[in-house]
Amino acid sequence: MYRYDEFDRRFLDERVAQFRGQVARRLAGQLSEDEFRPLRLMNGLYLQLHAYMLRVSIPYGTLSSNQLRGLAHVARRYDKDYGHFTTRQNIQYNWIKLEETPDILADLAKVEMHGIQTSGNSFRNITTDPFAGVTAEEIEDPRPWCEIIRQWSILHPEFSFLPRKFKIAVSAATEHDRAAVKMHDLGLYIRRNAEGEVGFQVLIGGGLGRTPYLGLVLREFLPKPDLLAYLEAALRVYNQYGRRDNIFKARVKILVHSLGIEKMREEVEAEFAAMAKDKLELPEAVVAAIRAQFSPPPYADAAADDAILQRLTAAEPAFARWVKYNTHAHRRPGHAIVCISLKPPGKPPGDCNAAQMELIADLAEELSHAEIRVTHEQNLVLPHVRKAVLYDLWRRLAAAGLASANIGLASDIIACPGLDYCGLATARSIPIAQVLGERLAAREETIGKLAIKISGCINACGHHHVGHIGILGLDKNGEEFYQLTIGGSDDEHAAIGSITGPAVAAKDVPEAVDKLIDTYIGLRQKGERFPETYRRVGMSPFKEALYAAR
Amino acid sequence: MAESVQKLVTGNRLRDGVPVYFAGGGKWSPVVNGALLVDPAAAEDLLVEAQKGEKPLPAVGVELIEAVREGSRVVPVTLREKIRAFGPTVSFGVVLHG
């Protein structure tokens, strides 16, 4: 993992001291709310329905055990004993007091964490594949590149006031996209060209929200040394031409789709050709030094672990189910990538209390080389677990309510905080997720892989556009209604879902989702997931099932 | 039985973000029942009164909302304001996943 150096630590300490002064001036009346608001947002501090909300950045979703304990400490000492892991691999706290925020940021700085650029019109957290560095599917570990981009983009003087926020995702897996790369303002796939060189395919203009788009290919192959110069060129074009007159048209996706990708490419390439690249060219020695911080841990020889695991799964069906859904192939023999579900059916998706965070931190230290990942599906990952200890891990997770065997299944629902917390929301998300999770859990193995995603407003923090079944909460004359979309996908087959028809009342959502699932089960061919069946048969049978009898 | 719709002034307390309700006389209450309700015609005057006094104001994001009296209770009209007044409709914290 990347560790802060003296410069990083000093910078963060100075930033905390600066914010402490700003808060003191605000509380003394020397700063108005209009003056203070951008200052607090630059540190990730929002004002929501019940309190301030602090969003803490988790760079590329990677945490150490010590950092997770730090997050647990914040939850217990300053919040109501829990935090909410978000769809951008961050964590947010819903019950924060402004007067305590400087102390919180000071405590976070002790574990090399902060809330900088988790809000505002700047670069946001760089996200990646939660299996980065441990999956055999990838060309190389993308996290060193994420770290390089993080260092370049944090407080970049030219890009601190972009037209709108800017999100970057990186993935190096060739078969699977677990980072929703095409839904980002800028996406990078690490790829090999025809000559066998490793570089980047660059996508631009993806995003959800009010106007959903998939990213388009800006550059088919970018050599590694040119990464920062090319990103800088792309951002300069966006910074110059992106609309600042209308917040709803300010994201780069609007610029890309109004200019056209060819014109956008022409502009970026012209800027790239004209700029002095020597200052931004990445020397191999610099890349190697950062890559060294992501060296694999000292794995044990675990060749015999497969046989042990086989024996244990045969003896315990509940454990076997958990292994089936919550563990994934690791690049090292005898090891597994373990997903810890934060989606017990009937509970708020992505929430985790302080005791659970501490338990996971301890388990990671003992069994996963002290490392944890956060997924954009709002779950956690232990990336380096020996198969021989999976049974022990499962039992200890189960004792804390953390062994739901549902990764990728119907109850593994993504949901934003919605109207229960969020000042922007138009309807609740969590209660819908709770009802659906409980209702579908009993038959989710029959249903198979299914991604249900719920947003409480058009801003789409719950990624509803790319759910196999997407649910968008709306306010209709004071009543909660939910618009359904189907056929979306956020993986390597990325697609924006299509609206089924008129929105349904909150009480009717469970039955409507049942009808969509039943239609899928009735029509699917062997091995087909929901979006594949939808693409084959189209909207009509689903629409018929939903609306015919109404 | 609910009476006719009235107005009150609400905001979030500056120091901790807790929803607060203008009670008149420069005072703010952390419970909606402590709010001063007025007829819609007097609402703008109430909003002005709530924003008088020394800076900083104890509340930020100050605005008028609709509410009704239901017996001895003051109940905001919209779901958003009900949730602000009475809390999330879902469980959270130590009860999670246990």
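# Notebook: a predicted two-chain model

**Entry 1. A:Val202**

I began with A:Val202, which counts as buried because it has 23 C-beta neighbours inside 10 Å. The cut-off I applied is 20 or more other C-beta atoms within 10 Å. I note here that the model is predicted.

I looked up where A:Val202 sits and found it in strand E9 of chain A, residues 198-204. I then listed its contacts, leaving aside neighbours within four places in sequence: they are A:Leu188, A:Leu218, A:Arg219, A:Leu222 and A:Tyr230. I also checked A:Val217, which is 15 residues away along the chain; its C-alpha atom and that of A:Val202 are separated by 5.9 Å.

**Entry 2. Helix H6 of chain A**

A:Tyr230, one of the contacts of A:Val202, led me to helix H6 of chain A, where it is one of the buried residues. I checked the length of this helix, residues 227-241. At 1.5 Å a residue its 15 residues should span 21 Å, and the end C-alpha atoms are 21 Å apart, so the two values agree.

I wrote down the buried residues of H6(A): A:Leu227, A:Ala229, A:Tyr230, A:Leu231, A:Glu232, A:Ala233, A:Ala234, A:Leu235, A:Val237 and A:Tyr238. For reference, an α-helix has 3.6 residues a turn, so residues three or four places apart point the same way.

What do the buried residues of H6(A) pack against? I found three helices and three strands of chain A: helix H5 (143-153), helix H7 (252-259), helix H8 (261-274), strand E8 (186-192), E9 and strand E10 (216-223).

**Entry 3. Strand E2 of chain A and its partners**

Next I took strand E2 of chain A, residues 52-56. Five of its five residues are buried, so the strand is largely enclosed by the rest of the structure. A:Tyr52, A:Leu54 and A:Val56 point one way, while A:Met53 and A:Arg55 point the other way.

I traced the pairing on each strand. E2(A) is joined to strand E1 (residues 45-47) of chain A by three bridges, and the two run antiparallel. In this pair A:Leu47 stands opposite A:Tyr52. E1(A) and E2(A) form a hairpin, with four residues between them.

E2(A) also pairs with E5(A), in the antiparallel sense and over four bridges. There A:Leu54 stands opposite A:Tyr93.

**Entry 4. Strand E4 of chain A**

From E5(A) I moved to E4(A), since the two pair in the antiparallel sense over two bridges. The bridge partner of A:Phe85 in E5(A) is A:Ile91. These two strands form a hairpin with five residues between them, and A:Gln89 in the turn has a positive phi of about 65°.

Are the faces of E4(A) covered or open? Both are covered: A:Tyr82 and A:His84 on one side, and A:Gly83 and A:Phe85 on the other, are all buried. I then found that E4(A) is joined to E13(A) by three bridges and that they run antiparallel. A:His84 stands opposite A:Asp351 there.

**Entry 5. Where the chains touch**

E13(A) came up again when I looked at the contact with chain B. It is among the elements of chain A that each supply at least two residues of the side touching chain B, and helix H1 (6-27) and helix H14 (430-441) are the others I noted. The contact takes 34 residues from chain A and 26 residues from chain B. On the chain A side I sorted the residues into 16 nonpolar, seven polar and 11 charged.

**Entry 6. Chain B**

I turned to chain B, which has two helices and five strands. From the N terminus on, its elements run β-β-β-α-β-β-α. Of its 98 residues, 32% are buried.

In what order do the strands of the open sheet lie? I read E3-E2-E1-E4-E5, with antiparallel pairing. E3 (27-29) and E5 (73-76) stand at the edges with a single partner strand each, so one side of each is left without a neighbour in the sheet. Neighbouring strands are turned by 50° against each other on average, direction ignored.

I followed E3(B) to its partner E2 (residues 19-24), to which three bridges join it. B:Phe22 has B:Trp28 in E3(B) as its bridge partner. Last, I checked helix H1 of chain B, residues 43-50: it lies across E1, E2 and E4 of that chain and runs at about 25° to E1(B).

How values were computed. Residues are numbered from 1 along each chain as its sequence is written. Chains are lettered from A and ligands numbered from 1 in the order in which they are written. This is a predicted model: local features need pLDDT of at least 70, side-chain atom pairs count only at pLDDT 80 or more; totals for chains, interfaces and linings use all residues. Two strands pair if DSSP finds at least two bridges between them. Axes are lines fitted to C-alpha atoms, for helices over the stretch in contact, and angles run from 0 to 180 degrees between N-to-C directions. Two residues are in contact if their C-beta atoms, placed from the backbone, lie within 7 Å. Ala, Val, Leu, Ile, Met, Phe, Trp, Tyr, Cys and Pro count as nonpolar, Asp, Glu, Lys and Arg as charged, and the others, Gly among them, as polar. A residue is buried if 20 or more other C-beta atoms lie within 10 Å of its own, exposed if 12 or fewer, and partly exposed in between; C-beta atoms are placed from the backbone. The expected span of a helix is 1.5 Å times one less than its number of residues.
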